[in-house]
Amino acid sequence: MQDQTVQERARARAEELPGSDLEHPFGPEWDVFKVRGKVFMLMTEATGEPIVILKSEPHDAAALRSEHADITPGYHMNKQHWITLHPGGSLEPSLVEDLVTESYLLVVENLPREKRPVDPALFGRRES
């Protein structure tokens, strides 16, 4: 996916997620998506390109980085738990959507049960 498309796809998915809020705590050049006050996605062009930063399980993050040249360690985040999506062409729209959903669910499952907007064990899981 090229240029703004990665960010556009990620933004569209994040806006669909229950309890998702957009904030700008680091200024207007950073879009920060939170669920119940906890960050699950950041977007910026501060690096000179439109990037998306997402939470990821460490073993998944390592696998994604090895499989996709357009996925690198999280920019300005914990390199084990966050990944950065870059525009460039190798990321399928469905992968971007799945990674946003997974990042969201990683945050939701660590919220107290009464604060969870969805059941992370059931939400967003595709039937095989």
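How many bridges join strand 3 to strand 4, and do the two run parallel or antiparallel? In this predicted model, the count is four, and the strands run antiparallel.

Strand 4 is a good place to start looking around. This strand covers residues 51–55, and four of its five residues are buried, so "mostly covered" is a fair label, with buried meaning under 20% relative accessible area. Strand 4 also pairs with strand 6, again antiparallel and again through four bridges. Here are the two pairings side by side:

| Pairing | Partner of strand 4 | Bridges and direction | Residues standing opposite |
|---|---|---|---|
| Strand 3 with strand 4 | Strand 3, residues 38–44 | Four bridges, antiparallel | Threonine 44 and isoleucine 51 |
| Strand 4 with strand 6 | Strand 6, residues 82–85 | Four bridges, antiparallel | Valine 52 and leucine 85 |

Strand 3 and strand 4 form a hairpin with six residues between the strands. Within that hairpin, glycine 48 takes a positive phi near 100 degrees.

Now for the helices. The axes of helix 1 (residues 5–16) and helix 3 (residues 93–108) come within 9 Å and cross at roughly 45 degrees. That angle is why helix 1 counts as oblique to helix 3. As for handedness, the crossing of these two helices is right-handed.

Which residues meet there? From helix 1 come Val6, Arg9, Ala10, Arg13 and Ala14, and they meet Pro93, Val96, Glu97, Val100 and Thr101 of helix 3. Sorted by character, the residues of this contact between helix 1 and helix 3 are six nonpolar, three charged and one polar.

Definitions and conventions. Residues are numbered from 1 along each chain as its sequence is written. This is a predicted model: local features need pLDDT of at least 70, side-chain atom pairs count only at pLDDT 80 or more; totals for chains, interfaces and linings use all residues. Side-chain values use heavy atoms; hydrogens and water are left out. Buried means under 20% relative accessible area, exposed over 50%, partly exposed in between (1.4 Å probe, protein chains only). Two strands pair if DSSP finds at least two bridges between them. Axes are lines fitted to C-alpha atoms, for helices over the stretch in contact, and angles run from 0 to 180 degrees between N-to-C directions. Angles under 35 degrees count as roughly parallel, over 145 as roughly antiparallel, 65 to 115 as roughly perpendicular and the rest as oblique. A crossing is left-handed if the near helix is turned anticlockwise from the far one by less than a right angle, and right-handed if clockwise. Contact means heavy atoms within 4.5 Å. Ala, Val, Leu, Ile, Met, Phe, Trp, Tyr, Cys and Pro count as nonpolar, Asp, Glu, Lys and Arg as charged, and the others, Gly among them, as polar.
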